[in-house]
Amino acid sequence: MLKETILKVLGKQYAADSMVELRSGRYDLAFKTDDQGRPILLFMGQKDANGKIKGDRYARCLLTDAEGKVIKDHWDHKGKATAQL
C-alpha cells in the first residue's frame, strides 16, 4: 500500500503526457501522466548513479463514467522494477 504522503503527491495534476521526476521523503519518484495530467504509472524507490530507479512499480486503475466522474481509483502494485530515466 502507498502511504498517504505519496498518494497526496499522486493526487495532483501535472503536465499532460509527460514523465515527472521528484523526491518525496526518502523515495525518488518517477511517474508517467495521461492526457489529462493524472499520474498513471509510478516507479518508486532509490535512484542510483546512472539515473535508474530501483524499487517498485505501480499502475493506476482509474475508471470514470460518461460525465467524467471517478468511479474507481486505486493503485496496483506490479512488482519490482528498474526504470531508466
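**Group meeting: two hairpins around strand 2**

Strand 2 and strand 3 form a hairpin with five residues between them, and in that turn G37 has a positive phi of about 85°. Before going on, I should say that this is a predicted model, in which local features need pLDDT of at least 70 and side-chain atom pairs count only at pLDDT 80 or more, while totals for chains, interfaces and linings use all residues. Residues are numbered from 1 along each chain as its sequence is written, and side-chain values use heavy atoms, with hydrogens and water left out.

The protein chain has one helix and five strands, in the order α-β-β-β-β-β along the sequence; helices (H or I, at least four residues) and strands (E, at least two) are DSSP runs numbered from the N terminus.

Staying with that hairpin, strand 2 runs antiparallel to strand 3, residues 39-47, and six bridges join them; strands are said to pair if DSSP finds at least two bridges between them. Within this pairing, K32 has L41 in strand 3 as its bridge partner.

On the other side of the sequence, strand 1, residues 19-24, is also antiparallel to strand 2, again with six bridges, and V20 is partnered there by F31 of strand 2. These two strands form a hairpin with two residues between them, and G25 in the turn has a positive phi of about 65°.

How enclosed is strand 2 by the rest of the structure? Five of its seven residues, which are residues 27-33, are buried, so strand 2 is largely enclosed; buried here means under 20% relative accessible area, exposed over 50%, and partly exposed in between, with a 1.4 Å probe and protein chains only.

Let me turn to one residue of strand 1, namely S24. S24 counts as buried because its relative accessibility is 13%, and, leaving aside neighbours within four places in sequence, S24 is in contact (heavy atoms within 4.5 Å) with I6, V9 and L29.

Finally, the chain as a whole. Buried residues make up 36% of the 85 residues. The radius of gyration, taken over C-alpha atoms and compared with a globule rule of 2.2 Å times the number of residues to the power 0.38, is 13 Å, which agrees with the value near 12 Å for a compact globule of 85 residues. Along its principal axes, the C-alpha trace spans about 45 × 25 × 20 Å. Among contacts between residues at least 6 apart in sequence, 28% join residues at least 24 apart.
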